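The exercises below are to be worked with the sequence and the 3D structure in view. Each begins with a task and is followed by a solution in steps.

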Amino acid sequence: AIVPGQPFQAGLLLEMADGWHTYWEYSGDAGLPTTITWELPEGFTAGPIQWPVPEAKLEPGDIQTYAYGGRVLLLTTITPAVGISGNITLKAKADWLVCKETCIPGGAEVALTLPVASTSTPANAALFEEFRSQLPSEKLPPYPLSWKRAGKQLTLEVGGIPANAPLSLYPLPAENQEVSHPQFLPPSTLQIEVAGDFRGVLAVGDG
């Protein structure tokens with residue numbers, strides 16, 4: 001149910017056939033990210049997509065992409081209006097690109113009708129928790145980080161990581177900002193070539 005004025009999360013669940021994948025918010029050298037265009041009642045707002053950490057895929061031709069196989073739940077926080085009652089229908093248009101050896105654009109118009117109530121118990125709690133646990137954290141990591149720049153080359157040294165834990169860096173470049181493929185230099189170093197300020201997601205070990 002929807003509680004007036006109380007934010008809640010909705011999710012778009014994508015389930016890919018074996019060997020196929022869709023893309024993260026930065027798709028890399030190819031592909032396109034999934035988009036969700038919301039059609040909400042007056043007074044409702046939708047936040048940006050919250051993206052679980054993807055998988056880095058190096059495809060033939062040295063094409064680096066960031067993608068999801070299997071299934072992924074793309075989360076969005078919806079804030080409802082205050083003075084609402086009855087049943088509320090949320091609508092959205094989802095568009096994606098799914099690829100294997102070839103790519104196929106897809107899309108769907110989806111809708112969900114929920115009652116308005118004074119309290120609510122979220123549905124699909126286990127599914128949502130599974131993918132919330134894969135969202136990047138804004139908190140500082142529990143490892144010391146040391147950044148060094150030499151021209152375009154940016155080097156990150158991560159201290160105190162568990163033995164044999166791989167490091168992954170998923171870039172989130174600004175529009176028209178060029179980035180190289182991140183390189184992991186065992187046991188604790190990452191390198192990437194990028195000019196200017198840089199944003200990205202750092203993953204240690206299994207997340």
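**Exercise 1. The second largest pocket**

Task: Determine which residues lie nearest the centre of the second largest pocket of this predicted model, and which strand gives the most to its lining.

Solution.
Step 1. Locate the centre: Phe8, Gln9, Ala10, Leu112 and Phe128 lie nearest to it, out of 30 lining residues.
Step 2. Assign the lining to elements. At least two residues each come from strand S1 (8–15), strand S3 (35–39), strand S8 (87–99), strand S9 (103–115) and helix H1 (125–132). S1 gives the most, with six residues.
Step 3. Sort the lining by class: 22 residues are nonpolar, six are polar and two are charged.
Step 4. State the volume, which is about 710 Å³.

**Exercise 2. The largest pocket**

Task: Describe the largest pocket by its volume, its lining and the classes of its residues.

Solution.
Step 1. The space in the largest pocket is about 1,100 Å³.
Step 2. Its lining has 39 residues, and Pro136, Ser137, Gly200, Val201 and Leu202 are the closest to the centre.
Step 3. Two or more lining residues come from each of strand S2 (22–28), S6, strand S10 (145–150), S11 and strand S15 (200–204). The greatest contribution to this lining is that of S15, with five residues.
Step 4. The classes are 25 nonpolar, seven polar and seven charged residues.

**Exercise 3. The disulfide**

Task: Identify the cysteines that form a disulfide, and decide for each whether it is buried or partly exposed.

Solution.
Step 1. Apply the distance rule: a disulfide requires sulfur atoms within 2.5 Å. The sulfur atoms of Cys99 and Cys103 are 2.0 Å apart, so this pair qualifies. The count by this rule is one disulfide.
Step 2. Read the angle about the S-S bond: at 115°, the link of Cys99 and Cys103 is right-handed.
Step 3. Compare the accessibilities with the cut-off, as buried means under 20%. Cys99 has a relative accessible area of 1% and is therefore buried. Cys103, at 43%, counts as partly exposed.

**Exercise 4. Unusual backbone geometry**

Task: Find where Asp62, Asn164 and Pro187 are placed, and state what is notable in the backbone of each.

Solution.
Step 1. Recall the general rule: most residues other than glycine have a negative phi, and most peptide bonds are trans.
Step 2. Asp62 is not a glycine, yet its phi is positive, about 60°. Asp62 is in the loop between strand S5 (55–59) and strand S6 (63–68), and it is exposed, at 52% relative accessible area.
Step 3. Asn164 also has a positive phi without being a glycine, in this case about 65°. The loop that holds Asn164 runs between strand S11 (153–158) and strand S12 (167–171). Asn164 is exposed, with a relative accessible area of 80%.
Step 4. Pro187 is joined to Pro186 by a cis peptide bond, with omega about 10°. Pro187 is in the loop between strand S13 (183–185) and strand S14 (189–193).

**Exercise 5. The nonpolar cores**

Task: Name the residues with the most contacts inside the largest nonpolar core, and list what Val72 touches.

Solution.
Step 1. The largest nonpolar core has 37 residues, and Trp24, Tyr68, Val72, Leu74, Ile192 and Phe198 have the most contacts inside it. Strand S7 (residues 71–79) gives the most to this core, with four residues.
Step 2. Leaving out residues up to four places away in sequence, Val72 touches Leu12, Leu13, Leu14, Met16, Thr22, Pro52 and Phe131.
Step 3. Another core, of ten residues, lies apart from the largest core; among its members are Ile78, Ile84, Ile88 and Leu90.

Note on methods
Residues are numbered from 1 along each chain as its sequence is written. This is a predicted model: local features need pLDDT of at least 70, side-chain atom pairs count only at pLDDT 80 or more; totals for chains, interfaces and linings use all residues. Side-chain values use heavy atoms; hydrogens and water are left out. Buried means under 20% relative accessible area, exposed over 50%, partly exposed in between (1.4 Å probe, protein chains only). On a 1 Å grid over the protein atoms alone, a cavity is a set of points where a 1.4 Å probe fits but cannot get out, and a pocket is an open set with protein on both sides within 12 Å along at least five of seven lines; lining residues have an atom within 4 Å of a point. Grid points are joined across faces, edges and corners, and a volume is the space filled by probe spheres set on the points. Ala, Val, Leu, Ile, Met, Phe, Trp, Tyr, Cys and Pro count as nonpolar, Asp, Glu, Lys and Arg as charged, and the others, Gly among them, as polar. A nonpolar core is a set of buried Ala, Val, Leu, Ile, Met, Phe, Trp, Tyr and Cys residues joined through side-chain atoms within 4.5 Å. Contact means heavy atoms within 4.5 Å.
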